[in-house]
Structure formats: C-alpha cells, structure tokens
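Let's take a walk through a protein together, one piece at a time. Have a look at the sequence and the model below, and keep them in view as you read.

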Amino acid sequence: MDSDDVPTLSVDALAALQSFLTEKQEQDERFANLQQDADEVFANNKKIDMANFQENWQLSQFWYDEATANFIVERVLKNTQTDDGVAFISSPTAYVAFHNTVAGERENAYVFEIDERFDLFKDKFVHYNFNKPLDFARAKKLKGKFKFIVADPPFLNEDCLSQTMKTVRFLAADDAMVMINTGAIMEDLAKKLIGARLTGFCPMHRGGLSNEFRCFATFEDDKLKWADN
C-alpha cells in the first residue's frame, strides 16, 4: 500500500482521542487509589464518588444522576427500619448513594452486581449474573431476608426482566417493597411478574438515554405515587 493511502486522523480527531485516553487514565488511577485505600474507606465510613467507576457499556452500565440516586435512597429510608434487609440488584449507583448516606449504619444492605469492581464493598457485595438468577454466594442465607428491593435490569428485554424478577421473588420477605427501574415498554411485564405498577417517577441518567425510562413499584408512599391513581 502506498503511504499516501494509509488512513490518518484529523487534528480534531487526534485531539479528541488524546482527551479520551487521558480521561480514561485518570479514572483508572482514581479507581486504583480507591482499591488501595479500601480498608481505610470502610473502616472510617468514607464516602465514595461514582466518578471512580467508569461506565462499561458492554455491561449496559448507565449511572443514575444524583437526583435519581438520592430519590431512591429516600424511598428506602422512608419505608424501612435500621435492621431491615435492603437489596440493590444491578443498581450500583443507588447502592453507592445509600452507602454514602447511611455511613455504615445499615448492616443488612447488599449490592448484587456482575461488575467485580464493586467488590470494594467486601461482604456487602454479592457477585450476580441475571442469567443465573438463583446462583450466587450465600443464596440460602439471604433468601427471603429483604424488606426493600431496588432492581435495575441491565438489558431492556423480557428475558432480562424475567430473570431478574426470579431473583427478586427469591430474596423478598413476605411484606417486601420493590422498585424496578427499566424501560417504559416493560410496563405490562413488570405488572404481570411481580405486581409492580407504573409510577410518576422518571429515573434519569448522567449521560442521558434514548429509551424512555420509568419506575415501577409494588407500593406507594408520600413521594412515590402510582401513575394511574
């Protein structure tokens, strides 16, 4: 091939690529520092910044914006007692916000997540793959222990929601309250699988999403209302 035929990037494209690589390197360094200091972070109940966790689009990761994460945390705190079990399934943004808010005061809150970066949370992290909805560590111990469950199925399809709901039903206590954050097109299936109804709350993401995202819940409170009421 003639050297004149070799593709080259424009100055602007090269600058954009360099900016991306620099940002990624900085994020990798921040996360490495967080890993290194993990014991101190948890011993002193220090807050964790989601900026340390770069979204992995192959895992369909799209972090909530701050207002959304805080709204979910408020619902949890409004509807549970200190000793109640709380599960965050494929919802690490909400779990991190919860961790930052309660500062070690809730011993029975867990994050179920495929991304092993979140094993920073040590025994509060449960490695979870929705394709194997009941195959995770401490399953027998955790069965039926959760009063409040937040679920955010990572992929927008019936199989992912159905498998995730198998996990929800397995973990749920008899009087459990469930919030599901997923695409609006899942409304009928969410209601069929677990009786979750469309609410007026619309979860938002930091980078925005083209799909209409909604919240479905099995309960109401003073701030979270079913849309058909």
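The paragraphs below go from the whole chain to its strands, a buried residue and the salt bridges.

Before we start, keep in mind that this is a predicted model. The protein has seven helices and seven strands. If you follow the chain from the N terminus, the elements come in the order α-α-α-β-α-β-β-α-β-α-β-α-β-β. Of the 229 residues in the protein, 46% are buried. The accessible surface comes to about 12400 Å², and carbon and sulfur atoms account for 48% of that surface. How do contacts link distant parts of the sequence? Among contacts between residues at least 6 apart in sequence, 66% join residues at least 24 apart.

Now let's turn to the strand β2. Is β2 mostly covered or mostly open? Five of its five residues are buried, so this strand is mostly covered. The cover is on both faces: A109, V111 and E113 lie on one side, Y110 and F112 on the other, and all of them are buried. On the β1 side, strand β1 (residues 85-89) runs parallel to β2, and four bridges join the two. One pair you can look for is F88 with its bridge partner V111 in β2. To get from β1 to β2, the chain passes through α4, and this β-α-β crossover is right-handed. Strand β2 also pairs with β3, again in parallel, through three bridges. Here F112 has V126 in β3 as its bridge partner.

The helix in that crossover deserves a visit of its own. Because 10 of the 11 residues of α4 are buried, this helix is largely enclosed by the rest of the structure. The buried residues are P92, T93, A94, Y95, V96, A97, F98, H99, N100 and V102. Just after α4 comes A103, whose phi is positive, near 50°.

Next, find M179, which lies in strand β5 (residues 172-183). How accessible is M179? Its relative accessibility is 0%, so M179 counts as buried. Leaving aside neighbours within four places in sequence, M179 is in contact with I72, R75, F148, I149, V150, A151, C215, F216, F219 and L224. Look at A151 in that list: A151 and M179 are 28 residues apart along the chain, yet their C-alpha atoms are separated by 6.2 Å.

Our last stop is the charged side chains. How many salt bridges are there? The count comes to eight, and three of them are worth tracing here.

Start with K78 and D222, which form a salt bridge whose closest N and O atoms are 3.9 Å apart. K78 lies in helix α3 (residues 66-79) and D222 in the segment after β7 (213-217), so this pair ties together parts that are 144 residues apart in sequence. D222 has 47% relative accessibility and counts as partly exposed.

Then look at K124 and E107, whose side chains meet in a salt bridge at 3.8 Å, N to O. K124 sits in the loop between β2 (109-113) and β3 (125-127), while E107 sits in the loop between α4 (92-102) and β2, so the pair ties together parts 17 residues apart in sequence. Are these two residues buried or exposed? K124 is buried, with a relative accessible area of 14%, whereas E107, at 49% relative accessibility, counts as partly exposed.

The third pair is D228 and R197, with a salt bridge of 2.9 Å, N to O. Since D228 lies in the segment after β7 and R197 in strand β6 (residues 197-198), the pair ties together parts that are 31 residues apart in sequence. D228 counts as exposed at 53% relative accessibility, because the cut-off for exposed is over 50%. R197, at 23%, counts as partly exposed. Finally, salt bridges that share partners join E74, R75, K78, D221 and D222 into one network. You have already met two members of this network, K78 and D222, as partners in a salt bridge. R75 may be familiar too, since R75 is among the residues in contact with M179.

Definitions and conventions
Residues numbered from 1 in each chain as written. Predicted model: local features only at pLDDT ≥ 70, side-chain atom pairs only at ≥ 80, totals over all residues. Heavy atoms only, no water. Salt bridge = Lys/Arg side-chain N within 4 Å of Asp/Glu carboxyl O. Buried < 20%, exposed > 50% of the residue type's maximum accessible area, 1.4 Å probe, protein only. Contact = heavy atoms within 4.5 Å. Pairing = 2+ DSSP bridges. Right-handed = clockwise from strand over helix to strand, strands pointing away. Areas by Shrake-Rupley, 256 points an atom, 1.4 Å probe, with all protein chains shown as cover.
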